[in-house]
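Visitor: I'd like a close look at one part of this protein, the biggest pocket and the things around it. Could you walk me through it slowly?

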Amino acid sequence: MPTWAKTSESTKLKLNTETPTITLPTSTTHSEMSPKSVMTLKTPLSKMAKLFRKGNTEALSSFDEARHVERSGTLHSQEKSLLVIVWIMLMMTAVLSSTLSFLIDAFTFYAGLLRSKLVLGGAQTLAAALLLNITMAILARIIVRTTVEAEGGGFPEMKAMLFGKVLFSFLTFRVLVVKAVGLALLVGAGLPLGKEGPNVHMAGCIVYCINPHLFQKRAESDHHAGGGAAGSGVDSAISRLLLAACAVGVGASFSAPIGGVIFALELMMPQTYDAWAYWGCFTAGVIGGVTYAVERTVTTQGSEALLPLISTNVLPGEGANSDYPVLRLLLDVALGAVCGAMGGIWVRMHAYIAGVLKRWRLREPDHFALIPAKPGKQEPLLAEDGGSGVQSTLARCTMKVLGGKWRDLALVIAVVSANTFLAAGLPLLGSKPQPLLISNIFDKNLYDTSETWTVPWAGTGGTLILCFVMKFFMTILSLSCPIPGGMVLPTMIIGGLLARSIVHNFLPLWLIDTLTTTGGQPMTEVEHGAFVARCAIVGACTFCAGVSRAFAMAITVFEVLALPNSVLPLCSSTLVAIFVANRVALPFFDQNLANRNLGGIPTITFTEKAAAPAMSFMTPVNLEHCLPQMTTLREMLSLLTISKDVNYPIIRPLDWKKGNAGLLEGNITRKHLEKLLKRLDPAGDTPDQHVDLLDPQLQAPEDGSEPLVVGKPPCVSPEITIKEVYLLMRHCKNEGVIYVTDRGVLRGSITFVDLIARQI
């Protein structure tokens with residue numbers, strides 16, 4: 001039983017005597033009282049009415065109205081000023097982010113052309129290419145070591161921030177520089193890494209660097225000190241800016257503003273968007289796309305001009321017409337199902353391999369730690385007893401240069417070396433820059449040059465399978481290293497190779513002839529090549545969608561390639577791929593969040609548990625950790641001692657004898673409870689002093705200071721879903737807690753931290 005439920009009879013009487021009561025005249029019975037006599041009883045309400053009757057109503061109302069109008073005008077002006085600042089920041093971010101993306105693309109593309117020539121030039125040039133790749137990879141890893149926030153893609157971090165997690169240390173200028181340099185070096189070294197996620201992350205860094213004060217206001221606000229979510233105008237502006245950064249990052253990567261906006265909105269569900277967010281994302285996407293296109297047109301010309309991220313030479317109508325359109329659509333849907341399943345398997349394999357490699361790296365001891373001398377002996381000057389002094393000195397100097405760690409560097413070197421050697425043995429890959437490689441995969445004339453890229457002992461079909469397997473596993477290993485990198489373009493390459501392998505090795509020629517027959521006329525060689533290229537496009541789109549669960553991939557591919565007859569095949573196959581992949585694994589980005597103890601985000605977005613009632617997830621109420629409205633300083637101090645909770649509900653008990661339930665009246669945080677104790681009894685001399693926690697002075701101080709108690713905190717019914725609880729947290733000002741009540745009776749609580757960190 002709670003200690004406050006054991007109140008003595010004397011205390012109860014004392015509390016009751018202090019409560020104002022209304023008494024009737026003893027000389028007049030209730031039946032003898034007239035309505036007029038009842039209305040003239042002297043009560044606090046009648047005294048208040050007397051003040052109004054004296055003519056103070058006009059003065060009070062005019063004063064309150066004037067202050068209200070003044071405050072409303074001030075807030076409106078601040079919102080308009082903030083809106084102007086946000087639009088300026090948005091346009092600056094679009095231009096700067098697109099320019100940075102272009103510089104990285106230009107470096108990696110021409111470095112890739114040089115690397116491809118070296119890899120395919122023979123044994124001597126292959127050794128030079130290997131040395132070049134390893135040097136760039138080691139340099140990138142050493143740079144990234146200084147800033148762990150620059151590791152990974154960037155989408156998971158941005159998603160966590162849009163869900164209310166404060167991770168502004170991931171948005172500093174240092175992170176921006178380290179991520180940009182590291183990404184350029186690693187992609188230039190030939191690793192199968194994408195730049196879409198890093199582009200999004202770097203766009204967020206640019207937003208932060210333009211106006212860090214805006215972000216600090218959110219981080220330092222009391223609203224977020226409790227771990228809460230959005231609610232203020234500043235927070236809403238930051239969320240819109242980060243969302244626009246996602247749109248411009250993806251849009252600049254593909255030169256596809258529409259696909260970038262939809263990709264950003266889709267991956268950030270279930271946020272609520274307004275017209276400003278919608279148009280802001282499109283504005284940023286269009287400005288970023290135009291900036292990138294102008295820079296590419298002005299600076300790159302000739303036969304080795306910078307290629308777009310994805311391209312094809314298939315013309316509209318080529319390989320698309322058929323006398324059996326339904327059968328042709330079924331083939332695309334089947335490809336989508338296979339690629340979606342393989343995409344889910346890829347996510348599971350990456351999660352497992354990345355976890356194993358990370359645990360192996362983290363178990364590495366500190367090799368640079370000093371070894372203590374044995375008892376009774378002096379510590380050797382150059383080596384341990386029995387060791388070679390020169391060798392030990394060299395080893396110690398080497399470990400000092402490496403920062404005391406070597407496993408991360410060894411992992412990166414091993415992955416780069418394996419990728420270089422395998423690419424050299426597969427001329428179709430040939431360590432080409434990724435835009436050039438995916439252009440070859442989507443090439444309708446690829447089979448016309450098969451003698452130049454086919455491995456003799458494997459044949460054309462075997463070579464395609466070898467390329468698929470190599471890219472499948474090397475992409476997993478590359479993304480498992482502690483380096484910057486994205487997954488969109490590498491998984492599109494995997495999907496394109498998978499689709500080509502299936503069509504070439506498992507579809508009989510008569511079926512292909514049937515699917516491409518138009519008006520009874522057999523297909524030509526060009527039509528056959530275009531048909532296979534279209535299958536590769538469908539495979540690339542659906543495999544990437546199966547990994548990311550983003551339907552926007554279909555829109556992005558259509559927007560970039562501009563093939564009118566591909567809309568229905570892309571959309572239908574992508575939907576099937578996403579449906580199948582959902583049965584296999586979480587999306588790649590959400591799996592990453594789950595591995596970081598942020599499993600609540602994928603629970604809210606992609607699992608059926610989002611529809612579970614709040615009562616299934618709430619922490620049941622423990623009355624030992626609650627405070628009654630009337631309490632003592634001793635009870636408050638005792639609660640702080642026995643409980644480490646951040647929030648304490650204030651309740652009005654229903655049964656003082658049993659103390660088994662209570663009506664929710666308010667909330668006080670641990671920080672405010674400690675502050676209240678210091679204010680009322682700084683010396684600790686009056687522990688039995690009574691306190692009314694619902695005193696108006698604690699909820700709305702006259703001096704305008706910070707309120708210590710929140711009256712009527714946000715609450716929901718037990719039947720409301722977890723997703724609705726999250727949306728309520730996002731848009732109400734609270735201390736990061738939502739209480740679950742049943743007709744006012746407190747049943748439990750859900751905190752923002754627990755909701756986001758929930759394990760699936």
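Guide: Here is a walk from the pocket to the aromatic rings, and then on to a short helix. Keep in mind that this is a predicted model.

Let's start with the pocket itself. The largest pocket has a volume of about 1,000 Å³, and 42 residues line it. If you want to find its centre on screen, look for Glu151, Lys358, Arg361, Asn592 and Arg596, the lining residues that lie nearest to it. Five elements give two or more residues each to that lining: helix H4 (123-145), helix H5 (155-162), helix H13 (325-362), helix H18 (459-479) and helix H24 (588-595). Of these, H13 gives the most, with 9 residues. As for chemistry, the lining splits into 20 nonpolar, 12 polar and 10 charged residues.

Now keep H5, H13 and H24 in view and look at aromatic rings. The structure has 9 aromatic pairs. In one of them, Phe155 and Phe589 sit 4.8 Å apart, centre to centre, with 50 degrees between the planes, a tilted arrangement. Phe155 belongs to helix H5 and Phe589 to helix H24, so this pair links parts of the chain 434 residues apart. Both Phe155 and Phe589 are buried.

H24 has another such link, this time to H13. The ring centres of Trp346 and Phe588 are 5.7 Å apart and the planes are at 40 degrees, so this pair counts as tilted too. Since Trp346 is in helix H13 and Phe588 in helix H24, the pair ties together parts that lie 242 residues apart in sequence. Trp346 and Phe588 are both buried as well. Put these four rings together with Phe263 and you have one aromatic cluster: Phe155, Phe263, Trp346, Phe588 and Phe589.

H13 turns up once more, next to a short helix. In helix H20 (residues 509-516), the buried residues are Leu511, Ile512, Leu515 and Thr516. Looking down the axis of H20, you'd see these buried residues fall within an arc of 125 degrees, so they line one face of the helix. The general rule helps here: an α-helix has 3.6 residues a turn, so residues three or four places apart point the same way. What covers the buried residues of H20 includes H13, along with helix H19 (488-506) and helix H21 (525-548). On the face of H20 turned away from the buried side, you'll find Leu509 and Trp510, which are exposed.

So H13 is a handy thread to follow: it gives the most residues to the lining of the largest pocket, holds Trp346 of the tilted pair with Phe588, and helps cover the buried residues of H20.

Methods: Residues numbered from 1 in each chain as written. Predicted model: local features only at pLDDT ≥ 70, side-chain atom pairs only at ≥ 80, totals over all residues. Heavy atoms only, no water. 1 Å grid on protein atoms, 1.4 Å probe; cavity = no way out; pocket = protein on both sides within 12 Å on 5 of 7 lines; lining within 4 Å. Points joined across faces, edges and corners; volume = space filled by probe spheres on them. Helix = DSSP H or I, 4+ residues; strand = E, 2+ residues; numbered from the N terminus. Nonpolar A, V, L, I, M, F, W, Y, C, P; charged D, E, K, R; others polar. Buried < 20%, exposed > 50% of the residue type's maximum accessible area, 1.4 Å probe, protein only. Arc of directions from axis to C-beta. Contact = heavy atoms within 4.5 Å. Phe/Tyr/Trp six-rings, centres within 6.5 Å; stacked < 30°, edge-to-face > 60°.
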